[in-house]
Each structure stands twice: as structure tokens, then as C-alpha cells.
Amino acid sequence: MSEATIRRSIDEQTTRRTKGRAVRRAFKFRAYPTRPQEGRAVRLLRDHCDLYNAALQERRDAWRMRKVSVGYGDQSAQLREIREADPDGQGRHSFTAQQQTLRRLDATFRAFFKRVKATEKDKQRRAKRQANKDGKATKQARKVGYPRFKPYQRFDQVIFVAGDGARWNPADGGRWAHATFQAVGQLKVNQHRPVQGRVKTLQLKREYRRWYVIVVTEAEAEPLPPSGRTVGVDVGVARFLTTSDGEVIANPRFLDAAQARIAQLQRRTERARLGSGNRKRLRRVLAKQWRKVRNQRRDFHHKTARALVDTYDVLALEGLNLDNLTASASGSVEESGRNVAQKAGLNRSILDAGWGQFTRILVAKAESAGRRVVRVNPSYTSLDCHACGTRCSRPRQHTIVCPNCGEQDADLNGARNIATRAGLGSGQALVA
Ligand SMILES: [Zn+2]
């Protein structure tokens, strides 16, 4: 295929995919409930947590005792009865919000079954390899955990359908916006940026001691004028990303600083006496640090993604972690940093949490701008020479050496491979 043909087919696909396509976006704002409202919000979370756990119990029992699997439809059909039986508890809450909670449980189960399937496949693969290698020890396949009951303090959000038990009143020039939730009341919300699109769902969320409202909207994509440029993007640990144009974006310095501070706070927290006021205080400070680094990182991701989407029509990325992408479709906002920070993995957790989020943001921005993101097979993108395809050696982290073409920057070579693979279409040039 000639370069021109590829370009034309990409353009056609871009317009076809963009026309009339709805794009979902999530806007997260801090909410300031009054004391009584906060009490009712806590009760809302508890009641939904009870519903979630009861529904989970039903699925467990049905499976254990009768080997029957109970689905979302079965459970949703029982809601009316449950509400009638408990007018002062479950009966007070929004019916559609309760359906959303049951859907969340359903999603958890579907993810669980998917993991079970993947593990089965993995086991078979390992068994095969084991047989081939004649008894050479391979690592145990990981165990898949059955969905668990949620304790009250971990059940931290309820999703409402806008216009049905929840309403959004934007700030409209004034300082405060308001979000109204059934059984909670009208909450003051600090709307620090405009909300674009039709409001579909409203989530009331607790994070530590703070409350947030997440407004999820839908809007038609607004395509940017074509720039005529395409690019391959390589993400990494040492550098945040490298493009096939040779542009390098380093990891922002605030990550290093944050890492040092968080590690130190963790050490101090561990040393503090269990249950002491000092330990509680340190945990609050630690939570605050995490919140700060998450915000800075998100901001950095938004800016970086914005610049890429503005510049290029087609962006090629390695196809890692597709699961994270599907999560963004329902408008969920990144969740991390609660328990991930074990000392050894601290650096990784700060950086790793970044890529998935960055990809989600990039894909979302590309969608609403009518740009295209292509995912390519990631195998050996850094080790195969982009020019001649020969496997190279890697004497240093940043350098590869091709027997035909000589020394090259490893990340740049990776980015160029990614661009090439995207241009050739799926299936080609994937044989590694
Ligand atoms: Zn070469």
C-alpha cells in the first residue's frame, strides 16, 4: 500500500467514526455538604453498601447451593419488593440509583469471570510449556479472587441517573453550583470549570473526608480540522514519552519530589504507635500528599494529551492495558494510591498509575476531537530496528545497536516502530 492510500483510508475511517458519535466525559467537583446533609450522605452510602452486599450474598448462595448463576436482570427485578419491604431504608432511595449499584456488582462479576477464563488459558499454556521443557519449574498461575463483600468505609460512591433522583444546577455566573440527590438534599458544589454536553449521570463520592460530585456528560464529537500529521508514541519509565518525530517529554520533576515525601511519611506512619493520634494525623497528611500528586499528575496528563491531539490526526500507541480503556467509557475517574504504596513499589505505583490514566485521557480527547488512536502490538518495538527490521542489541538502557544501521536511541526507535506498525494496519509486521 502506498503512503497516500494509507492516508486516505485513515482519513475516511476518521470521519466515519466521528460522525454523530457521542463522547462521554466526566467532570469531578468538590462538594460541600452541611452537617445534616453529610449524615444523610453517609447513610445513603451505607444503604447502597447493604444492597450491594445482599446482592452479592444472593449470587454466592445461589451458586454454592444450587449451582445457579444469578444475573443483573434477576436482581433488578427484585428491587420493587425489597423497597416495599423496607420503606424507611431501601425504600427511600432512588430506584435507578439502586439499579446502578446492582450494575456495578454485575460488572465486578463479569470482570471476575473474565479473569477466571484468562487464568484457565494461562494454566493450559503453562502446562504445555511445562511439558515441552520437561519438568523445568514455571511460576504458579495466579489465583483469582471471588468478588468480596465491601465494608462500609470502602463503599464510597453512588451513581444517579440525571433527572431521576438527582439534578444538576450549574454555577451560571454565581460561585456555587448545586447537585441535588434524593434522600440527601441540595449540595453546594465548587464548579471550577464549565461542564460540556448533556448531563447523563451524577455520582456522589466520598474520598477520605471529602465529598465529590462527578458529572458525566455526553456530547457529539467536535472534529478538529485535519493537521495532516501522524505520530507514533512510546511511553516509558525513564522518560514519560518519546514521539516518532523525536520529541521527548520527560517525567515531571514533581513526581520525584512527591516520591521522596511520600516514602518519608510512610516510614513515619509505620513507626507511630497503632491507634495513636499521631498516627492518625500522619495518615491524613499522607492521604493529602497522594491527593496532591494525583492532581498534579492528572493535570500534566491533560496538558500533554491536549498538545498531542491538537498536533496529530492519528496517534499510534502500544496496545497495553485495554481493560483500563473500557473503564473510562462509563465515566469513572481514576482511583489509586490508597493501598498501592508499599515502599518497594512506590516508584512504580507513582509512574504506573500514570500510563493507564494518560492513555484514557488521550483516547477521550482524541475521540471528542475526531482524531484516531491506533493500538499496535507491543512486542519488540524497542528491540527491532525500525529501518531494516533486524533484531538489535541493547548495550545501555537508552541505546540499541542494529548490525546494519548502527547505534540508535532506543525510545525513538520504539516510537518509529509503533508508527510503522500502525500505518501497515493490524496483522502486518507483527511477526516478531
Ligand atoms: Zn537496521
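Two strands are taken to pair if DSSP finds at least two bridges between them. On that basis, this predicted model contains an open sheet of 5 strands in the order E10-E9-E8-E11-E12, with mixed pairing. The protein as a whole has 10 helices and 15 strands. Of its 432 residues, 28% count as buried.

**Confidence and overall organisation**

- The average pLDDT of the protein is 83, and 83% of the residues score at least 70.
- Residues 321–344 keep a pLDDT under 50, and the model has 30 contacts for them beyond four places in sequence.
- Residues 424–432 also have pLDDT under 50 throughout, with 8 contacts beyond four places in sequence.
- Where pLDDT is low, the predicted coordinates should not be read in detail.
- Among contacts in the protein with a separation of 6 or more, 67% come from residues 24 or more positions apart.

**The open sheet and helix H10**

- The edges of the open sheet are strand E10 (248–250) and strand E12 (372–376), each of which pairs on one side only.
- From one strand to the next, the twist averages 20 degrees.
- Within the sheet, strand E8 (residues 230–235) pairs with strand E11 (residues 314–318) in the parallel sense, over 3 bridges.
- Gly232 stands opposite Ala316 of E11.
- Helix H10 (residues 410–423) lies across E8, strand E9 (239–243), E11 and E12, and runs at about 130 degrees to E8.

**The E13–E14 hairpin**

- Strands E13 (residues 393–396) and E14 (residues 399–402) run antiparallel and are joined by 2 bridges.
- The two strands, E13 and E14, form a hairpin with 2 residues between them.
- Ser393 has Val401 in E14 as its bridge partner.

**Nonpolar cores**

- The largest nonpolar core has 31 residues, of which Val158, Phe160, Ala179, Leu202, Val213 and Val215 touch the most other members.
- Helix H2 (residues 35–66) supplies the largest share of this core, 7 residues.
- Apart from this core lies another, of 28 residues, with Leu308, Val309, Tyr312 and Val363 among them.
- Leaving aside residues up to four places away in sequence, Val158 touches Leu44, Leu45, His48, Ala97, Thr101, Gln203 and Leu204.
- In soluble globular proteins, nonpolar side chains tend to be buried together.

**Helix H2**

- The 32 residues of H2 should span 46 Å at 1.5 Å a residue, and the end C-alpha atoms are 46 Å apart, so the expected and modelled spans agree.
- The buried residues of H2 are Ala41, Leu44, Leu45, Asp47, His48, Cys49, Leu51, Tyr52, Ala55 and Arg59.
- Leu44, Leu45 and His48 from this buried set also appear among the residues touched by Val158.
- Just after H2, Lys67 adopts a positive phi of about 55 degrees.

**Lys28 in strand E1**

- Lys28 belongs to strand E1 (residues 22–32).
- Lys28 counts as partly exposed because 17 C-beta neighbours lie inside 10 Å, whereas a buried residue needs 20 or more and an exposed one has 12 or fewer.
- Lys28 and Ile214 are 186 residues apart along the chain, yet a separation of 4.4 Å lies between their C-alpha atoms.

How values were computed
Residues numbered from 1 in each chain as written. Predicted model: local features only at pLDDT ≥ 70, side-chain atom pairs only at ≥ 80, totals over all residues. pLDDT = per-residue confidence, 0-100. Contact = placed C-beta atoms within 7 Å. Helix = DSSP H or I, 4+ residues; strand = E, 2+ residues; numbered from the N terminus. Core = buried A, V, L, I, M, F, W, Y, C linked by C-beta atoms within 7 Å. Axes fitted to C-alpha atoms, helices over the stretch in contact; angles between N-to-C directions. Expected span 1.5 Å × (residues − 1).
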